[in-house]
Amino acid sequence: MTIELQLPEFAIPTGFKQRFTLFAPSRDALLVIYLVLAWLLPGLFGREPWKADEAYTFGLINHIVQTGDWVVPTLAGEPFMEKPPIYFITAAIFGKLFGGWLPLYDAARLANVFYLGITAWALGVAAASTGVKRLDVTLALFATLALAVPAHYLMTDIALL
């Protein structure tokens with residue numbers, strides 16, 4: 001799908017092309033997006049946090065959402081400085097944005113989709129710079145068994161990936 005913008009003649013400075021493309025994903029890029037979403041979304045929603053990492057991670061995210069303290073994540077009244085706070089903050093943002101439509105723990109898991117999307121994009125860029133097909137490398141990452149289960153948990157390791 002290509003979106004083209006046609007500007008009036010008087011709005012174009014001399015020397016510029018009259019038409020330019022705003023967004024033109026390739027067929028392979030769309031295929032990767034669909035496959036990653038089809039791989040990630042089932043199992044991400046509709047369950048409460050039940051692994052040990054999910055419980056304390058959700059507690060930190062819940063604290064950020066409830067108190068608005070975005071600087072120092074706190075768990076049971078104590079500052080939690082064991083892991084970098086970027087995942088907690090990002091999950092709290094998704095919780096604030098989508099918490100009205102989804103339970104807070106499900107909305108917070110959308111941070112996994114965000115960070116795995118960044119991972120797939122960065123891996124594709126790295127593959128393209130070496131001459132390898134983006135689709136092959138991205139599909140190889142998401143075919144690994146080591147990523148299949150943890151990608152669905154509220155864990156900071158997803159952001160660190």
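Which hand does the crossing of α1 and α5 have, right-handed or left-handed? In this model, which is a predicted one, the crossing of α1 and α5 is right-handed, and the axes of the two helices, α1 covering residues 27-40 and α5 covering residues 110-130, come within 11 Å of each other and cross at roughly 145°. The residues that meet there are Leu37, Trp39 and Leu40 on the α1 side, and Asn112, Val113 and Leu116 on the α5 side. Sorted by class, this contact is made up of 5 nonpolar residues and 1 polar residue, with no charged residues.

Let me turn from that pair of helices to the core. The largest nonpolar core has 32 residues, and those with the most contacts inside it are Ile61, Tyr87, Leu116 and Phe142. Two or more residues of this core come from each of α1, α2, α3 (86-98), α4 (104-108), α5 and α6 (134-143). As a general remark, nonpolar side chains in soluble globular proteins tend to be buried together.

Tyr87 deserves a moment by itself. If we leave aside neighbours within four places in sequence, Tyr87 is in contact with, among others, Ala108, Ala111, Asn112 and Tyr115, and also with Tyr153, Leu154 and Thr57.

That brings me to Thr57, which lies in helix α2, residues 52-67. Thr57 counts as buried because its relative accessibility is 1%, which falls under the 20% cut-off. With the same neighbours in sequence left aside, Thr57 is in contact with Tyr87, Phe88 and Leu154, and in the case of Leu154 the side chain of Thr57 reaches the backbone oxygen at 3.4 Å.

Note on methods. Residues numbered from 1 in each chain as written. Predicted model: local features only at pLDDT ≥ 70, side-chain atom pairs only at ≥ 80, totals over all residues. Heavy atoms only, no water. Axes fitted to C-alpha atoms, helices over the stretch in contact; angles between N-to-C directions. Helix = DSSP H or I, 4+ residues; strand = E, 2+ residues; numbered from the N terminus. Left-handed = near helix turned anticlockwise from the far one by under 90°. Contact = heavy atoms within 4.5 Å. Nonpolar A, V, L, I, M, F, W, Y, C, P; charged D, E, K, R; others polar. Buried < 20%, exposed > 50% of the residue type's maximum accessible area, 1.4 Å probe, protein only. Polar contact = N/O pair within 3.5 Å; in protein donor to acceptor, adjacent residues only side chain to side chain. Core = buried A, V, L, I, M, F, W, Y, C linked by side-chain atoms within 4.5 Å.
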